[in-house]
Amino acid sequence: SWGLSTGTGAINVGTDAVAKVITIGNVTGATQVVINAGTAASSINTTNGILNVATGTGAINVGTDAAAKTITIGNITGATAVNVNTGTGGTTHTTTNGIYTLATGTGTITVSADATATTLNIGTGAAAKTVTLGSTNTTSTTTINSGSGNVNVTGGHLSIATVAKTL
């Protein structure tokens, strides 16, 4: 075991203004690298380069400890993009008793716009739900399209309020 103590002084590795590769640890067997920090935070910064986190078949966990926190990915600056890709294992977004908001400003929200036959379920869980589709704000339009499979409305009473418009 090897230790390096500096009291309250900083420990700088490779901080001079010369391009270099700095490697810590290896990928042999059960090698482990642990980085700890106190309440002063931790930062990993790269300037105009790619930051890769690769684990082979291991999981990548962010913010999974049992403490309330805000996790932010990406920003709203210029042409920033956030892409989330999954294979056949799927994607699950879960919020427990909190609001889930998907906001795009003036951008289009597209769900299942590919050329694959898909079933879309909205509000189909076993609890009582209110599903609101569309807006009554000024010139808002709500369009419901169907192919030869028809439009089916089932359930309780159906009310159509037209405000003296054509039905």
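Which residue forms a salt bridge with Asp65? The partner is Lys69, and the closest N and O atoms of the pair sit 2.7 Å apart. Keep in mind as you look around that this is a predicted model. Asp65 has a relative accessibility of 49%, so it falls just under the 50% line above which a residue counts as exposed, and it is classed as partly exposed. Lys69 is partly exposed as well, with a relative accessible area of 38%.

Before going further into side chains, step back to the whole chain. The secondary structure comes to 0 helices and 0 strands. The radius of gyration is 26 Å, well over the 15 Å that the globule rule gives for 167 residues, so the chain is more spread out than a compact globule. You can put dimensions on that: along its principal axes, the C-alpha trace spans about 80 × 35 × 35 Å.

And what share of the residues is buried? The figure is 0% of the 167 residues in the chain. The accessible surface comes to about 16600 Å², with 52% of it belonging to carbon and sulfur atoms.

Part of that surface is worth picking out. Ile44, Leu51, Val53, Ile60, Val62, Ile71, Ile73, Val82 and Val84 make a nonpolar surface patch of about 950 Å². Take Val53, one of the residues in this patch: its relative accessibility is 59%, and because anything over 50% counts as exposed, Val53 gets that label.

Back to the charged side chains. How many salt bridges does a search of the whole structure find? It finds 2. Besides the Asp65 and Lys69 pair we began with, there is a salt bridge where the side chains of Lys20 and Asp16 meet, at 2.7 Å from N to O. Those two side chains are also joined by a polar contact of 2.7 Å. Lys20 has something else going on too, as its side chain reaches the backbone oxygen of Val18 at 2.6 Å. As for accessibility, Lys20 is partly exposed at 39%, and Asp16 is partly exposed at 46%.

Now move along to Ser135, where a little group of polar side chains and backbone atoms comes together. Leaving aside residues up to four places away in sequence, Ser135 touches Ser140 and Thr142. With Ser140, the link runs from side chain to side chain, a polar contact of 3.4 Å. The side chain of Ser135 also reaches the backbone nitrogen of Asn137 at 3.0 Å.

Which backbone atom of Asn137 does the side chain of Ser140 reach? That would be the backbone oxygen, at 2.7 Å. Put the pieces together and Asn137 is reached at its backbone nitrogen by the side chain of Ser135 and at its backbone oxygen by the side chain of Ser140, while the two serine side chains have their own 3.4 Å polar contact. Neither serine is hidden away: Ser135 is partly exposed with a relative accessible area of 41%, and Ser140 is partly exposed at 38%.

While you are in this stretch, have a look at the backbone of Thr138. What is its phi near? The value is near 35°, which is positive in a residue other than glycine. Thr138 has a relative accessibility of 72%, so it is exposed, since the cut-off for that is over 50%.

Elsewhere in the chain, Asn97 also has a positive phi in a residue other than glycine, with a value near 60°. Is Asn97 buried or exposed? It is exposed, with a relative accessible area of 82%.

Conventions. Residues are numbered from 1 along each chain as its sequence is written. This is a predicted model: local features need pLDDT of at least 70, side-chain atom pairs count only at pLDDT 80 or more; totals for chains, interfaces and linings use all residues. Side-chain values use heavy atoms; hydrogens and water are left out. Buried means under 20% relative accessible area, exposed over 50%, partly exposed in between (1.4 Å probe, protein chains only). Contact means heavy atoms within 4.5 Å. A polar contact is a pair of N or O atoms within 3.5 Å; within protein, one must be able to donate a hydrogen and the other to accept it, and residues adjacent in sequence count only if both atoms are side-chain atoms. A salt bridge is a side-chain nitrogen of Lys or Arg within 4 Å of a carboxyl oxygen of Asp or Glu. Patches are made of residues with over 30% relative accessible area and no salt bridge: like charges are joined within 9 Å, nonpolar side chains (Val, Leu, Ile, Met, Phe, Trp, Tyr) within 5 Å. Accessible areas come from the Shrake-Rupley method with a 1.4 Å probe; for residues, only the protein chains shown count as cover. Helices (H or I, at least four residues) and strands (E, at least two) are DSSP runs, numbered from the N terminus. The radius of gyration is taken over C-alpha atoms; the globule rule is 2.2 Å times the number of residues to the power 0.38.
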